[in-house]
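Reader: Could you take me through one part of this model up close, the smaller-scale story of a chain and what it touches, and then follow the thread into its partner? I'd like one connected answer rather than a list.

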Amino acid sequence: MKKFGIQALIILILGSIAQYFLPFWSIAVVAALVGFFFKYENSAASFAAGTAAVTLLWSSYAGFLTSANASQLANQIGNLFQVGPGYLVPATGLIGGLLGGFGAQTGTLLRKIFEKDDSVSA
Amino acid sequence: MKIVKFLASLAALLGLIYALNMPITVNTPLPDDPTKFKESVIPPIGPFVSPFTGFWQNAESLDDFVPYKIEVPDMKGKVKISFDERMVPHIFAENLEDAAFAQGYVTAKFRLFQMDLVSRAAGGRLAEVVGKDGLENDLLKRRQGMAYGAEKAVASWKQSKEATALLDAYNAGVNKYITDLKPKDYPVEYKLMGFKPEPWNTYKTALVKKYMDQTLCFGEDDLETSNALKILGDDLFKKLFPEINPKQSPVIPTGTPWDFSPAKNKEKPAIQEAIGLIHHKVYEKERGIVGSNNWAVGGGKTLSGKPILANDPHLKLTLPSIWFELQIHTPETNFYGVSVPGIPGVLIGFNEHVAWGETNVGIDVMDWYQISWTDQAKTSYQYDGSVKKAKIVIDSFRVRGQALPVYDTVRWTDWGPVVYESNKSDWADLAMHWIGHESPNSEELLTFVGLYKSKNYEDYRKALVNYDYPAQNFVFAEKNGDIAITANGLFPIKNKQQGRMVQDGSSSKNGWAGYVPKSQVPATKNPKRGFVASANQHSTDPSYPFYYNSSHFDHFRGRYLNQRLNEMDSITAEDMKQLQNDNFSLHASEGLVAMLKQLDTAQLNTVQKSVLSKLRNWDFRFDKDKVEPVIFVTWWDKYYEMAFDEVMVWKDSVPMLMPEKWRLIELTANSPSDLIFDDKKTPERETAKQIATSTFLATTKELADDLLKPNFNWSEFRKTDIMHLARIPAFSKFNLPVGGYGQALNAISGGNGPSWRMVVELGDEMKAWGLFPGGQSGNPGSPFYTTDLDKWVKGEYNELFFMKNAEDKRRPTLFSIEIN
């Protein structure tokens, strides 16, 4: 559990920095790197950590931006795509979460290739 | 096994990224016809929803406005820009060039997408970014020679050192902003539509200017008028389309002497017969929607004894607005007003000495010529007895989503481009001759520099000499008392009736005989009546030595305005604001009275009588919560269509001129038994009485259900929407609760109306009020997107903060930018 927390925290910090300079998919690369460097028992745990971290990051940043804006733009964008504006923050979190999850899982699975001990598999 | 798992996960990840990075095309059913589908493109989801790069970044809050500094090595001096609570920039610069840089910078900061879109629309480059939906616009704009006209303007402006310096500084300001702009900060429309801003240049400014020209001096009905004469014959044509309205109250007071000997007209052949029926489908025109009011009252009529000036230009209302408000302060001058994003300077405003404003003149400066080709391939045409080669220009258009460009061939004659072209042997090819293709005065943009440096009447007149088109009624007031108005611009010298209809293009004699000298344009200073005013009506009474025409002259607002200003005394700024918001219409008062006189009340039942009594008690005001305007307009339309059935019957098959409203009122009042009132579909011979009565009955029937609804009223019926520039509904405002009417001073009609309302009380301390229906920011996610919309709807005003200097602390500064 502790590892889960640390991994998530590192994704949060490095991901924020990377995305400030790089395109949106850089979050997946960060998650993959973190997944690769953290020794996980299985890739599902890594997936969960990556998903949780990026969901949290994307939804809370989007939530922060939209609350400062009184949801003015979110309402318009929701209207434009015919999505309830209330779903936009969770949907943003979910999309980010998938990137983080698959990123972290891919990193972990890459590490597994180089690991000698094959007693525990994903 | 491990490798397979890894590869599977990697593939899933890459697939996800790929999917999130692709634009998605979706087909949505059209609201008015669900069996048809509109293709629309959803932006790539990943970059669009990422809170680090996507639309969330455009969700602006007040906290985002943190003062900052930028370093620009080329600046001559320092600039400070203070933004007031409504986000109006107040630019403090050491010279006008630095101020132009700052104006470019802040305009780009708030209106980049608008500048880009407008210049693309005018230059025929929409399809590059919106795909095939933009192609129709692009083909037409290029065919109409917008790009050509803009190139000519650029070449001319280059001749002026002063204009070039200002344009270069403005471009540099816009480009500084664009260069510093990170993709995450692109206006949200770029993110939605998936393209990015290009560097700005003088050509783009010229295209924005062409866009204005097209809005303001593109009006004509030559094809429609030709057909009306051909179809109706001389007598009926003359009856329905007289050029002089005896009731007209022109801009220059009737009886004003012309103290010049007019420039001589060249000998001309009499005007041609109609050239034959013209079948071309006329391109969409902004017909009848453009209008404006301006006036200045002298100290003799005001409470304070100082002049008051007012101006409200009526244009298509959009979000963001056509206008961007700003103040510029230099050691030389200090002025405040509204600018058009993309063009440096202020077009309507005031300084510490004078105030000025504009309305459109509307005199016809576009004529059409029938081309007689001498060969099948249409490469040469007859001209003055010889054969002349046309210039063949092949335009290419990139279309987003299509691999190959689209080509269009445009034939240019000496008259101008052949806009209407057909392969049918009995369809005439028509060339456009438009003032907007003429090389403008190299110093035309300096007109406004001259105005905001003006200290008196002489400065004002001197400034106007540089101005060519679109012709405007420049109203003027000076704090010590002078008021003036000048219908200013290039007016072609024409023979009587010339240019009302399509002319034969094989003779140069049918061209314009030069232009009215600027010293002979209609103008008046300090007229006896104590005020000057214009509302797009005729510039002069018929005694003016030069012939001019337009089927777009106003016949109601101008007369009412002159009448009201004549009556008013001890005028205050408050009175002027009320006058701008006045919903009274002479169209209703004169039209309804004439129609009611014809109505046979004996045929009415009790319900119909109650409708009649509503109309009889109406004050002719198009207020938002009244039902009478709905009844009147519905009845009027039916009455008009039935009276002019001999014209209406052609409307859908060929271009056809429709008689003006005032003429129907005049015929109803003066000759109700005229043959024109006969309904051709019946064997009986109707008069105004029968058709007024039958259309009234039809009106009460049509509105019977609506009139029972408690919320039914003028604003509900008419619907006023302000659309986003790219027509994105989510960024638009619908169904605003406003009154007003196209033929009332408060000329709100559908999506058009007062795009800026300004009242200036002149004096040692200038006091001014103003607003436009929108806000300073073009960002739909900004708190400044629709700042003043509610106030505009209610007819309220902002007192404008005319700062005395950079340290003026009478009102708070929200934010500031320093340029070193």
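Author: In this predicted model, buried residues make up 44% of the 122 residues in chain A. As for what chain A is built from, there are 5 helices and 0 strands, so if you walk from the N terminus you just read α-α-α-α-α. The C-alpha atoms of chain A fill a box of roughly 55 × 25 × 25 Å along the principal axes. Of the contacts in chain A with a separation of 6 or more, 81% are between residues 24 or more positions apart.

Now for the side of chain A that meets chain B. Here 40 residues of chain A are in contact with 41 residues of chain B. Between them, the two chains bury about 3500 Å², and 77% of that is on carbon and sulfur atoms. If you go looking for salt bridges between chain A and chain B, the count is 0. Polar contacts do turn up, with 11 residue pairs between the chains, both residues at pLDDT 80 or more. On the chain A side, α1 (2-21), α3 (43-68), α4 (72-81) and α5 (85-114) each supply at least two of the residues that touch chain B. The largest share comes from α5(A), with 14 residues. Sorted by class, this side of chain A has 25 nonpolar, 12 polar and 3 charged residues.

Charged pairs are worth chasing beyond the interface, too. Side chains of opposite charge can pair when their charged atoms come close. Over all chains, a search of the whole structure finds 48 salt bridges. Take Arg86(B) and Asp788(B), whose closest N and O atoms are 2.7 Å apart in a salt bridge. That pair links distant parts of the chain, 702 residues apart: Arg86(B) sits in the loop between β4 (79-83) and β5 (89-92) of chain B, and Asp788(B) in the loop between β28 (767-771) and α22 (789-794) of chain B. Arg86(B) has 13% relative accessibility and therefore counts as buried. Asp788(B) is buried as well, because its relative accessible area is 5%.

Arg142(B) and Asp395(B) form another salt bridge, this one with the closest N and O atoms 3.3 Å apart. Arg142(B) belongs to helix α5 (residues 135-143) of chain B, while Asp395(B) belongs to strand β16 (residues 391-397) of chain B, and 253 residues separate the two. Both Arg142(B) and Asp395(B) are buried.

For a pair with some exposure, try Lys638(B) and Glu702(B), a salt bridge in which the closest N and O atoms are 2.5 Å apart. Lys638(B) is in helix α17 (residues 628-643) of chain B and Glu702(B) in helix α20 (residues 688-708) of chain B, so the salt bridge ties together parts 64 residues apart in sequence. Lys638(B) counts as partly exposed because its relative accessibility is 23%. Glu702(B), with a relative accessible area of 46%, is also partly exposed.

Then there's a network of salt bridges in chain B, linking Asp116(B), Arg120(B), Arg125(B), Glu128(B), Glu198(B), Lys204(B) and Arg398(B).

While you're in chain B, have a look at the strands. Strands of a sheet pair through backbone hydrogen bonds, either parallel or antiparallel. One open sheet has 4 strands in the order β18-β19-β13-β22 (chain B), with mixed pairing. Its edges are β18 (418-420) and β22 (503-504) of chain B; each has a single partner strand, so one side of each is left without a neighbour in the sheet. Strand β13 (residues 366-371) of chain B runs antiparallel to strand β19 (residues 429-434) of chain B, and 6 bridges join them. To find your bearings there, start at Met366(B), which stands opposite Trp434(B) in β19(B).

A hairpin makes a good last stop. Strand β14 (residues 380-383) of chain B is joined by 4 bridges to strand β15 (residues 386-389) of chain B, and the two run antiparallel. Tyr383(B) has Ser386(B) in β15(B) as its bridge partner. The hairpin has 2 residues between the strands, and Asp384(B) takes a positive phi near 50°.

Note on methods
Residues are numbered from 1 along each chain as its sequence is written. Chains are lettered from A and ligands numbered from 1 in the order in which they are written. This is a predicted model: local features need pLDDT of at least 70, side-chain atom pairs count only at pLDDT 80 or more; totals for chains, interfaces and linings use all residues. Side-chain values use heavy atoms; hydrogens and water are left out. Two strands pair if DSSP finds at least two bridges between them. Contact means heavy atoms within 4.5 Å. Buried area is the accessible area (1.4 Å probe) that two parts lose on being put together, summed over both. A salt bridge is a side-chain nitrogen of Lys or Arg within 4 Å of a carboxyl oxygen of Asp or Glu. A polar contact is a pair of N or O atoms within 3.5 Å; within protein, one must be able to donate a hydrogen and the other to accept it, and residues adjacent in sequence count only if both atoms are side-chain atoms. Ala, Val, Leu, Ile, Met, Phe, Trp, Tyr, Cys and Pro count as nonpolar, Asp, Glu, Lys and Arg as charged, and the others, Gly among them, as polar. Buried means under 20% relative accessible area, exposed over 50%, partly exposed in between (1.4 Å probe, protein chains only).
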